[in-house]
Amino acid sequence: MPPNFDFVDWWNKESHRGTPVVVKMENPNWSMLELESPKTSFAPSEKDKGKNAKQLTWVLLLKAHRAAGCVAWMALGLWTVLNAIKKRLILKQDVAPQSDKPHKGKLYKFITGFLTFAICMLFFEIAAHLMGWHFSRPQFHIPSTLSIQGLLQTVYQTWVLVRVQYIAPPLQMLADGCIVLFLIQSLDRVILCLGCAWIKIKDLKPIPQKETLESGDAENPTAGYPMVLLQIPMCNEREVYEQSISAVCQIEWPRDRMLVQVLDDSDDEDTQMLIKAEVQKWHMKGINIIYRHRVIRTGYKAGNLKSAMNCDYVKDYEYVTIFDADFQPKPDFLKRTIPHFTDQPELALVQSRWSFVNRDENLLTRLQNINLSFHFEVEQQVNGIFINFFGFNGTAGVWRITALEDSGGWLERTTVEDMDVAVRAHLKGWKFIFLNDVECLCELPESYETYRKQQHRWHSGPMQLFRLCLPDIVKSKIPLWKKGNLIFLFFLLRKLILPFYSFTLFCIILPLTMFVPEAQLPAWVVCYIPAIMSFLNVFPAPKSFPFLVPYLLFENTMSVTKFNAMISGLFQMSSAYEWVVTKKSGRASETDLASLVEKESPQPASLRHNRGTSESGLDVLAKLKEQQPPAPAAVKKKVNRLYRKELALAFLLLTAAARSLLSAQGVHFYFLLFQGVSFLVVGLDLIGEQAS
C-alpha cells in the first residue's frame, strides 16, 4: 500500500497544538473567529461554518458599502463638473473677465479648427456606421442612381480613400517619430532613477573636509568664518516679507561676518514702508542688515541682483547667498553649506533642496510636490554627484563671488537668470554641489493661474537661453562629452523634446488616429509606458502614490502650456519676455517656522524670542490706514478663470473618445475619456484655489 501523504491525517495523528489565534474584523461587534489549533482549522464544525458564513456576509456588506461610497464620490465629482459648466460656461457666473488675447493665439486657432473638424467627422462617421458603410480597403464607385444617400456614400468613400493613401502614412511617420523621442526620454528617466538608486545604496553624498569653521584661536574663535552676503530679492511681497527676513536674520553666523541685503523692488508704497520697518527692527536687534530700493526697476530679478552686487562693500565678502521672499532657511543653513567650499577652489555653487510648507493644501500643490521632489531627489542629486553640474534653482544656494564674477555676473537677457549664470559658470570650468539633506522651506503656488504663469516662464526661458548660449557652448574648452550633455540632454531632451512630444503625441496625434484608424498608436505607448514613468516620478514622494493617476493626467494637461511656452521662447515671441512675480499666500507663518525649527534644532532662548511679529511694521501700517478715509468692508469673493485652450482640448479629446467607440479601442477610449475630463477640470479652474 503506498504511503499516505494526506497532511491533515498526519497532523491529527501527531496531535500538534498550535498557539491560539484570534482574527478580528474592523468592527468588533460583527464577528469573531477563534482558531484553537490547526486540527480545528482543517476540520471545521457546523458551528464554525455558520460563523464563517456570517463573517463572509459582513465582508460582502463592507465591500458593498465601500463600492457605494466610491460611486457616490464619482457622482459628486460629476455633479461638480456639470454645475461648473452651467455656472461658468453658460451663465458666466463668478468668472473673471477674459481678454481677447487667447482668441488671437495661433495655437488656440489650430485647436479650435481641429475641434470643428473632429465634431463634423464624428457625426459623419456615426451616420456612415448606421448606414453600414464599412470598407476594409480603399474602394471607389459612382452609384447608379443619383440620390442624397448615394452622394453621401460617394463622399464617404472619397474620405476613406484620401485618409488611407494621403493622411495615414505621414501621420504614422509622425507618430513613430514621437514614439522614438518618447522612448529616448523614458530611457533618460530610467537612467536617472538608476543613478539615484546607486547613490542611495552606496550612501554617496558630498562631505566637507572640515566639519567646523571654528579657529584654534581662543581670543578670536570666529576668525575662520568667511564673510558672507545674504540677499533677499523681493517685489510687492506683503504676505511673506516678514517671515523671510526673520528667518534669514536668525541664521547662526558671527554677526560681524555677515550682511543681509533686503533688495526691495516693490512699487507699492505701503509695502515699502512695512519692509523698511521690518529691516529697522532687526537692525536695532544687532543684525547687520540694510534696505535697498531701486529707482529704475529694469531687468526684473536679474537687474535687482546685479545692482546689489555693484555696491562697493561687496568686495569685502567671499560668498553670497540668495533667498527668494518666500524662503525661510534653518538657523544652521550656512554652517552646513559654507564648509564645502573649504579646500575646493574650483567649487562655485552649493545648492540646497526645497521643502514645501503647503504641499498638502490642495490637489494642485500635491501634484507640484511630486514633480519637484523628483527634480531635487533624482535630477539635481544625480547630476551633482556624477557630473558636478546642474541648473541653479535661483534661490537657497551659496555662490562663490569670484566664480560669479568670472562667469559674467547676472545678465538680464532671459527670464531664467539663474540657469543662465549656471551654464556660463559650467563653461568656465566651475563645479557645483547639491545637498539633498539641507532643506529650505518655501511655498508652492496654490492657484492654477499662478502656477501656469510660473511654468510658462520656466519653459520659455531655457529656449531663449539655448539660442544665446549655443555658440558659446560649441566654442568653449570644456570636454566634448560635457558639450554633448549640455546640448542634447540638458537643453534639447529635457527642455525641448519633452514638452514637444507630450503635447503632440497625446493631444494631437492620439485623437487624430481615432478619425484615421489606419494610423495607430500601440496600447503600451498610450497606457503602460506612461504609467511606469509616472510611477518613477512619484517614487521620491512615497506619500503621493494615491495621486499617481491624477498626476499622469495633470502632466499631460500641462503639456499645452509647456509646449506653448517652449515655442514662444524658441522663436523669441513677445510672451517669452513676460515676467510675472509668483503670487504668495504666506502659508509659512512665523509660528509654523518657530515650531519646526525648535523641533529639529533647538536654539537658545535669546534667539527664540525674536520670532515675534513685527510690531513696528504693524504700527506703520496702522498710521497709514488712519490717514485714509474708512472704506466699506469688501467681501472676499471667489472668482475663476476660463482657460480656453484647455477647454477646447477637453472637448476635442472627449469627441475623439466617442469616435473610438466605433473602432472598439478600449484602452484608447478610457485614456481619451479621463484625459478629456482632466482638461475640462483644469479649463474650468476647478483645481487649486483662485480668490480675489
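Start at Trp-399 in this predicted model. Setting aside neighbours within four places in sequence, Trp-399 touches Glu-318, Tyr-319 and Val-320, then Ala-348 and Leu-349, and also Phe-392 and Leu-404. The rest of its contact list is Val-421, Ala-422, Ala-425 and Phe-432.

Zoom out a little, and Trp-399 turns out to belong to the largest nonpolar core, a set of 86 residues. Together with Ile-245 and Val-423, Trp-399 has the most contacts inside that core. As for who supplies the residues, strand β9, running over 431-442, gives the most, with 7 of them. Apart from this core lies another one, made up of 62 residues, including Ala-168, Cys-178, Phe-563 and Met-566.

Now for the annotated stretches. An unreviewed UniProt entry puts "transmembrane region" at 66-86, 107-131, 486-515 and 521-539. Take two of these and check them against the model. Residues 66-86 are 100% helix with 0% strand, and their end C-alpha atoms sit 30 Å apart. Residues 521-539 come out at 84% helix and 0% strand, with 27 Å between the end C-alpha atoms.

Finally, have a look at the surface. Leu-183, Trp-524, Tyr-528 and Val-667 make up a nonpolar patch there, with about 360 Å² of accessible area together. Val-667 belongs to helix α22, which covers residues 666-683. Is Val-667 buried or partly exposed? With a relative accessible area of 31%, Val-667 counts as partly exposed, because buried would require under 20%.

Methods. Residues numbered from 1 in each chain as written. Predicted model: local features only at pLDDT ≥ 70, side-chain atom pairs only at ≥ 80, totals over all residues. Heavy atoms only, no water. Core = buried A, V, L, I, M, F, W, Y, C linked by side-chain atoms within 4.5 Å. Buried < 20%, exposed > 50% of the residue type's maximum accessible area, 1.4 Å probe, protein only. Helix = DSSP H or I, 4+ residues; strand = E, 2+ residues; numbered from the N terminus. Contact = heavy atoms within 4.5 Å. UniProt positions renumbered as here; feature names shortened; annotations may be inferred. Patch = residues over 30% accessible without salt bridge, like charges linked within 9 Å, V, L, I, M, F, W, Y side chains within 5 Å. Areas by Shrake-Rupley, 256 points an atom, 1.4 Å probe, with all protein chains shown as cover. Salt bridge = Lys/Arg side-chain N within 4 Å of Asp/Glu carboxyl O.
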